[in-house]
Amino acid sequence: MAQDSADWNSDDDLDLQIDNYQSSPPSSPPAAVPSSDELFATLVDMGFSPENIARAIDEYGPNADTVVIIDAISKYTVTCEASSSKSKTIDHFLAMGFEEEKVIKAIHEHGEDNIEEIANALISSAAEVSPKIKEEEDIEWSESDDEKYANFLSSDDEKVSDSSSENGNQLRSLMNMGFSELEASLAIERCGTGEDVSIADLADFICAAQIAREFDEFHADPEEQKPNVKKRRIEPRREPRSSAADDEPLRLPNPMIGFGVPNEPGLITQRSLPAMARMPPFFYYENVALAPKGVWDTISSHLYDVPPEFVDSKYICAAARKRGYVHNLPISGRYQVQPPPKYTISEAFPLTKKWWPEWDKRTKLNCILTVNASAQLTNRIRLALEPYGGEPPESKKKYVIEQCKKWNLVWVGKNKAAPLEPDEMETLLGFPKNHTRGGGMSRTERLKSLGNSFQVDTVAYHLSVLKPLFPYGINVLSLFTGIGGGEVALHRLQIPMKTVVSVEISAVNRNILKDFWEQTNQKGTLIEFADVQDLSNEKIVELMKQFGGFDLVIGGSPCNNLAGGNRVSRSGLEGDQSCLFYEYCRILDVVRETTKTMRRS
């Protein structure tokens, strides 16, 4: 996805709860019902306990629909897992510093899914105890750091009084969770107090701000950060679907594997598309999974009511990338592009094995960001570990692991953690070596472009169904092309690209795609446009008549106003950048209507 303003491409929120899209299971059953033994083995591989699997199969029978079995297991899990060490809810609140006994009690009282009620109960309990202020031993702040952090958090004109007792309770609760008094008080000042602002919201804000303050570009005035995009009022084509359950949060599927991934196949092999979505051409739209409430419901309603397929690329490669995909592609017959990506950190970067400490248990990296850790941070990590010849104390390990996870640091020497280089990111994301290197492109530009790109192996897995349908080549309309993730996926699948009309605002990214086109000796035609808002309806019709129509419309509009790390302008699809989603819809509508006209003539 292309974007031109300060980037917030981080979707690793504090939990996996997403208030965005209300979906229902597909109406079509799987193509075949697995045997009892096959079903049992598959569910064990998916992480369900053997006891709950056996209980569900015994209750509903070995020939019951798989979805029924999974629903039953989920119900058992909600009722019994609260007392188990495997409970993610327990782990979540233990990590926040609450006592295990109180967490389990709150879960029993409010139910494991009522995260906010559990948090409020624990906070109320914590407020009755005199808090112990934790000293910041791990990170040394300079006065300039404090000033920058304060400037960042108070850059908005909106101020809220902090004189209430609730403010004091929130402050103490955040400090009990390990945040400094400065961080807690500034977060409360920025976000406000009251019922609409939970402790989880404040903690989420602090984590996002910790990332942001590492970069000077994020300390600028918000007015200076606004992208240079032409203002345009875009009228939605349809109102989003309404539902009585719109206020209910939807938990992202766990595992987040959509209809299945190569290493952990899902159970869904068929789906029933809405009638409007069955008409040609194929379309494929991508954006961040952890978007604000209602976003995915709106996206789906504007893309012919097709439910999104949520996939985390950590199930395909060594890096997480939580994304939603709305498409009308077939889902049977998918296959993995070759050679397959490396599945773990040690496989992707074998030279790190020598220096990887035993107490760092990571096997996967988090989402690739548009920015990198500073030299000051990696130096603080080195200084924190050097005094200890053997294994460092728990407090130091905790600090180092938190920073390594946040910034995707890998071990390159004794006590030396380092951020990924752009060429290493290319490998993780499935791009060819040196794809973004050279041509006057700076390291910062490479990081930004890679952080906003597709994970090629994931996209190629979805697009693989097109190969038998277009053996002689495909015509593609590529919107918000970025560095050409869709085109690289088609090339790796050996699907000939007869024509690619690419629309990308960044001149740097356009040059990357052009270089890729020439270096891979593509035989087709590449036409590049800069701005989707300049691609008029008449121009689309002209292009379609020139090339015989488009077989695939692919793209992912900017995620600036959707991504979980953005606490400045996370305004959803009405934001200056993310509203360009409606341009994708406009263009897709024109292509589909023109296709119908061309087929009739």
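**Note on the predicted model: sheet, packing helices and local features**

1. Tyr284 stands opposite Ile554 in strand S11. The wider setting is the pairing of strand S3 (residues 282-288) with strand S11 (residues 552-555): the two run parallel and are joined by four bridges. The model discussed here is a predicted one, and the points below should be read on that basis.

2. Strands S3 and S11 belong to an open sheet of seven strands with mixed pairing, in the order S4-S5-S3-S11-S8-S9-S10. Strand S4 (309-312) and strand S10 (525-529) form the edges; each has a single partner strand, so one side of each is left without a neighbour in the sheet. On average, neighbouring strands of this sheet are turned by 20° against each other, direction ignored. As general background, strands of a sheet pair through backbone hydrogen bonds, either parallel or antiparallel.

3. Two helices should be viewed together with the sheet. Helix H21 (residues 537-547) lies across strand S8 (474-479), strand S9 (497-503) and S10, and runs at about 175° to S10. Helix H22 (residues 581-600) packs on the sheet and touches S3, S8 and S11; its direction makes about 175° with that of S3.

4. The structure holds 13 salt bridges. In one of them, the side chains of Arg323 and Glu286 meet at 3.1 Å, N to O. Arg323 lies in strand S5 (residues 322-327) and Glu286 in strand S3, so the pair ties together parts that are 37 residues apart in sequence. Are these two residues, Arg323 and Glu286, buried or exposed? Arg323 is buried, and Glu286 is buried as well.

5. A further salt bridge links Arg362 with Asp360, with 2.8 Å between the closest N and O atoms. Both of these residues, Arg362 and Asp360, are buried.

6. Helix H22 contains a salt bridge between Glu593 and Lys596, the closest N and O atoms being 3.2 Å apart. The two residues are separated by about one helical turn, because they are three residues apart in helix H22. Glu593 has 43% relative accessibility and therefore counts as partly exposed; Lys596, at 27% relative accessibility, also counts as partly exposed. Elsewhere, Glu391, Glu394 and Lys397 are joined into one network by salt bridges that share partners.

7. Two cis peptide bonds deserve inspection. One joins Pro280 and Pro281, with omega about 5°; Pro281 is found in the loop between strand S2 (250-251) and S3. Another runs from Gln338 to Pro339, with omega near -5°. Pro339 is placed in the loop between S5 and helix H13 (345-348).

8. Where does Tyr304, a residue with positive phi, lie? Tyr304 is in the loop between helix H12 (295-302) and S4. Its phi is near 65°, a positive value in a residue other than glycine. Tyr304 has a relative accessible area of 5% and is therefore buried, the cut-off for this class being under 20%.

9. Asp305 likewise is not a glycine, yet has a positive phi of about 65°. Asp305 is found in the loop between H12 and S4. With 31% relative accessibility, Asp305 counts as partly exposed, whereas Tyr304 is buried.

Terms used: Residues numbered from 1 in each chain as written. Predicted model: local features only at pLDDT ≥ 70, side-chain atom pairs only at ≥ 80, totals over all residues. Heavy atoms only, no water. Pairing = 2+ DSSP bridges. Axes fitted to C-alpha atoms, helices over the stretch in contact; angles between N-to-C directions. Contact = heavy atoms within 4.5 Å. Salt bridge = Lys/Arg side-chain N within 4 Å of Asp/Glu carboxyl O. Buried < 20%, exposed > 50% of the residue type's maximum accessible area, 1.4 Å probe, protein only.
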